[in-house]
Amino acid sequence: MNFGWWGVWGTHVAVLPFIEESNRYAPLRQAWIDAGGSGGVGPAPGSSITTYPFLAGPITPYLCPSDTSSKNPGLSGNHARCNMVTNHGDFVNASRYTPANALRGLFGYCEVRNYLPFSGITDGLSNTFAISEMVTTPVANSKAIRGGVIELTTAIVTDVSNCRNAKDSSDSGMMTGTSAGLYRGRTFIDGRITCVGFTTVLPPNSPSCTTGNEASNDNDGGIFTPNSFHSGGVNVGMADGAIVFVSETINATTTSNAGNIKEGPSNFGIWGNLGVRNDGVPVSVK
């Protein structure tokens, strides 16, 4: 959803009144209404909780108990953290401004009131990812595979192996290179993929990398891989509401130069197919 502070507020804000969090949703919506629904309304993702106290405190439905940092104040702003991330599909985003019609998942940057109906999920609700769990960034400038993101510039758009091979050979839980300075799951009001989105390019518990070359640029796109502290994979929510466990060994691409495609079967194996709503390959994860 494109509304709120410069079009950044996302799905997690819209869902609040349906999970008994109207006390947070009401002031956010009112700020938007008072500003005439224009961009630039507050609060921003890094806003002070002194000014906006409803941004602080854990939101239990958005948290995963296996992430020991989840109930801690989020990095940059001390907001409520968020372990639940939305599916942006098998596209290696150039930035958060990548047009919605280029994305093949269920979520992404779009114009106001330009929403995807169930009828747009032609592969079937039970065959398409909606959300996944993800470990929030534990500390600033983290290079941990669980919660960290490294900076690899636009090279990953055409060659995903640049990101896949970023796993540290001496420590399987870490990545090599330079931290992108991004804080995954730092706040529930930031709808950008860098904070609360994931892609189905590399399989679960693989590295995450940005397409940008400027540290801490939350508008960068990239490869954002879901991860967890569960053994061997992640829990994923399908578009029909079912919850399934997806193994980190799921069939995925072995191609280095996979590139981006706009139609037809995914280049990223069964993992990629499950992230796409309309590629004509209605595979099942079960």
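Strands here are DSSP runs of E with at least two residues, helices are DSSP runs of H or I with at least four, and both are numbered from the N terminus. With that settled, here are some notes on the model, which is a predicted one.

1. Let me start with a backbone detail. Most residues other than glycine have a negative phi. Asparagine 141 has a positive phi of about 60° although it is not a glycine. This asparagine sits in the loop that runs between E2 and strand E3 (150-151). Is asparagine 141 buried or exposed? Its relative accessibility is 51%, and since exposed means over 50%, asparagine 141 counts as exposed.

2. There is another asparagine to look at alongside it. Asparagine 205 also is not a glycine, yet has a positive phi, of about 65°. Its place is the loop between E4 and strand E5 (209-210). Asparagine 205 is buried, with a relative accessible area of 8%, whereas asparagine 141 is exposed.

3. Now to the sheet. Five strands make up an open sheet with mixed pairing, and their order is E4-E1-E2-E7-E8. Strand E4 (197-198) and E8 are the edge strands; each has a single partner strand, so one side of each lacks a neighbour in the sheet. The partnership of E1 with E4 is parallel and runs over two bridges. Asparagine 87 is found opposite phenylalanine 198 of E4.

4. Which residues touch the most other members of the largest nonpolar core? They are Leu28, Phe129, Phe188 and Val246, out of 32 residues in that core. Two or more residues each come from helix H2 (22-34), strand E1 (84-87), helix H5 (193-196), strand E7 (233-238), strand E8 (243-247) and H6. A second core, separate from this one, has 13 residues, including Val92, Val201, Cys209 and Ile223.

5. Phenylalanine 129 deserves a point of its own. Leaving out residues up to four places away in sequence, phenylalanine 129 touches Asn87, Leu106, Phe198, Thr200, Val236, Gly237, Met238, Val246, Trp271, Leu274 and Gly275. Two of these names, Asn87 and Phe198, return from the sheet, where asparagine 87 stands opposite phenylalanine 198. Val246 is also on the list of contacts, and is itself among the core residues that touch the most other members.

6. The aromatic rings come next. How many aromatic pairs does the structure hold? There are two. In one, tyrosine 52 and phenylalanine 54 meet edge-to-face, with 5.9 Å centre to centre and 75° between the planes. Tyrosine 52 is partly exposed at a relative accessible area of 25%; phenylalanine 54, at 18%, is buried.

7. The other pair brings us back to a familiar residue. Phenylalanine 129 and tryptophan 271 form a tilted pair, with centres 5.3 Å apart and 55° between the planes. Phenylalanine 129 belongs to strand E2 (residues 129-133) and tryptophan 271 to helix H6 (residues 269-275), so this pair ties together parts that lie 142 residues apart in sequence. Both phenylalanine 129 and tryptophan 271 are buried.

8. One last residue, if you have a moment. Alanine 14 lies in helix H1 (residues 11-15). Because buried means under 20%, alanine 14 counts as buried at 19% relative accessibility. From alanine 14 to arginine 192 there are 178 residues in sequence, and the C-alpha to C-alpha distance is 14 Å.

Notes
Residues are numbered from 1 along each chain as its sequence is written. This is a predicted model: local features need pLDDT of at least 70, side-chain atom pairs count only at pLDDT 80 or more; totals for chains, interfaces and linings use all residues. Side-chain values use heavy atoms; hydrogens and water are left out. Rings of Phe, Tyr and Trp (its six-membered ring) pair if their centres lie within 6.5 Å; planes under 30 degrees apart count as stacked, over 60 as edge-to-face and the rest as tilted. Buried means under 20% relative accessible area, exposed over 50%, partly exposed in between (1.4 Å probe, protein chains only). A nonpolar core is a set of buried Ala, Val, Leu, Ile, Met, Phe, Trp, Tyr and Cys residues joined through side-chain atoms within 4.5 Å. Contact means heavy atoms within 4.5 Å. Two strands pair if DSSP finds at least two bridges between them.
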